Amino acid sequence: MSIHKTLGEFIVEKQSDFPHAKGELSALLSAIKLASKIVNREINKAGLVDITGASGIENIQGEQQQKLDMFANEVFKNALMARGEVCGIASEEEDNYVFFDNQTSRNANYIVLMDPLDGSSNIDVNVSVGTIFSIYRRVSPVGGPVQMEDFLQVGRDQVAAGYVIYGSSTMLVFTTGNGVHGFTYDPSIGGFFLSHESLTIPKTGKIYSLNEGNYIKFPLGVKKYLKYCQEEDESTNRPYTSRYIGSLVADFHRNLLKGGIYIYPQTAQAPSGKLRLLYECNPIAFLAEQAGALATDGYNPILDLKPTELHQRVPFFTGSPEMMETAHHFMTKFKES
Ligand code: AHM
Ligand code: MG
């Protein structure tokens with residue numbers, strides 16, 4: 001049996017390779033590691049204890065919060081606050097950003113944005129869900145309270161981002177701007193071990209992932225691209241195959257390993273789509289670009305968009321570069337005014 005490197009060992013070993021990683025970023029990632037173990041434990045016994053189902057509370061976006069959404073939010077928030085490396089967080093489950101108002105945290109250099117439990121509709125049915133996180137250096141003066149400008153930074157300025165996938169095994173996948181690395185959790189030992197070093201997405205693939213139930217509402221470019229995916233053509237290995245879990249983390253993770261494209265487009269009813277720029281799209285886009293994939297709103301790189309509000313939504317296209325280029329071609333050719 002081979003012994004793999006632990007996440008902690010890997011971070012220490014690569015410290016000098018990571019442009020932004022000092023001891024504080026390692027401590028921050030270790031808080032995320034700890035919180036994800038706690039959330040993983042609860043998810044694994046979700047059917048046995050009273051933790052599934054709706055909480056009866058709506059978040060600021062009018063969505064019903066699940067009990068596990070709220071539990072995961074508290075666990076990640078408390079773990080990040082306890083380590084003192086973060087001065088504030090913003091979360092899909094919080095109305096406003098949260099300032100960690102204590103002496104240690106005031107002097108911290110980092111802020112974290114997170115979707116503590118993504119894919120909530122899958123919790124109660126034993127289907128993969130995830131945690132997504134995004135880390136920036138604060139831009140407001142150290143020592144003072146965090147400000148909105150700390151959270152509305154352009155995605156290109158992220159210093160680290162990642163996700164935890166609670167799937168058939170639990171994995172933590174992250175980047176600090178120097179490649180994408182994946183660690184698999186061994187529950188018998190309680191540790192994350194390096195299993196996927198320097199992940200790169202295949203240049204093309206056979207999988208398309210989008211909610212086809214929304215077909216009628218899709219923009220014309222997406223409809224045309226979808227038809228292209230379904231046509232027969234030996235030279236381009238079509239038709240492609242449709243795979244959609246409804247958990248962004250799980251859909252992205254599969255496409256990252258196998259090659260594919262994920263699309264959550266805008267519709268006439270939801271002109272900005274569904275997914276949140278700060279908690280979902282920016283961190284996934286950072287990972288995507290680091291793995292050789294593209295991530296756009298159908299036209300422009302996600303990482304170049306200037307956020308204007310915390311819970312902002314954005315159309316999201318990400319995947320293998322050759323598939324993305326074809327999707328962009330259709331989006332541009334059939335752009336509706
Ligand atoms: P959530 O953060 O409330 O769980 O919503 C985000 C999720 C994504 O994980 C997933 O890709 C998408 O919503 C699925 O939405 P839909 O059910 O409309 O296809
Ligand atoms: Mg989400």
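Which pocket, ranked by size, is the space taken by ligand 1? In this predicted model, ligand 1 occupies the second largest pocket, and the elements that contribute two or more residues to the shell around the ligand are β5 (110-118) and β13 (260-264).

**The shell around ligand 1**

Ligand 1 is surrounded by 16 residues, and the closest of them are Asp-118, Tyr-244, Leu-248, Tyr-262 and Tyr-264. When the shell is sorted by class, five of its residues are nonpolar, five are polar and six are charged. Both domain 1 (7-196) and domain 2 (207-333) take part in the shell, each of them supplying at least three residues.

**Polar contacts with the ligand**

The following table lists side chains that place an N or O atom beside an oxygen atom of ligand 1, with the distance for each.

| Side chain | Distance to an oxygen atom of ligand 1 |
|---|---|
| Glu-92 | 2.8 Å |
| Tyr-262 | 2.7 Å |
| Tyr-264 | 2.6 Å |

Tyr-262 and Tyr-264, which appear in this table, are also among the closest residues to the ligand. Taken alone, ligand 1 would expose 470 Å², and the protein buries 85% of that area.

**Backbone features in two loops**

Most residues other than glycine have a negative phi, and most peptide bonds are trans. Against that background, two places in the backbone deserve a look. The peptide bond that joins Arg-238 and Pro-239 is cis, with an omega of about 10 degrees, and Pro-239 belongs to the loop that runs between α6 (220-230) and β12 (241-242). Ser-198, although it is not a glycine, has a positive phi of about 50 degrees, and this serine is found in the loop between β10 (191-196) and β11 (207-209).

Definitions and conventions. Residues numbered from 1 in each chain as written. Chains lettered and ligands numbered in written order. Predicted model: local features only at pLDDT ≥ 70, side-chain atom pairs only at ≥ 80, totals over all residues. Heavy atoms only, no water. Near = heavy atom within 4 Å. Polar contact = N/O pair within 3.5 Å; in protein donor to acceptor, adjacent residues only side chain to side chain. Areas by Shrake-Rupley, 256 points an atom, 1.4 Å probe, with all protein chains shown as cover. 1 Å grid on protein atoms, 1.4 Å probe; cavity = no way out; pocket = protein on both sides within 12 Å on 5 of 7 lines; lining within 4 Å. Sits in = over half its atoms within 2 Å of the grid points. Helix = DSSP H or I, 4+ residues; strand = E, 2+ residues; numbered from the N terminus. Nonpolar A, V, L, I, M, F, W, Y, C, P; charged D, E, K, R; others polar. Domains from an automatic or database assignment.
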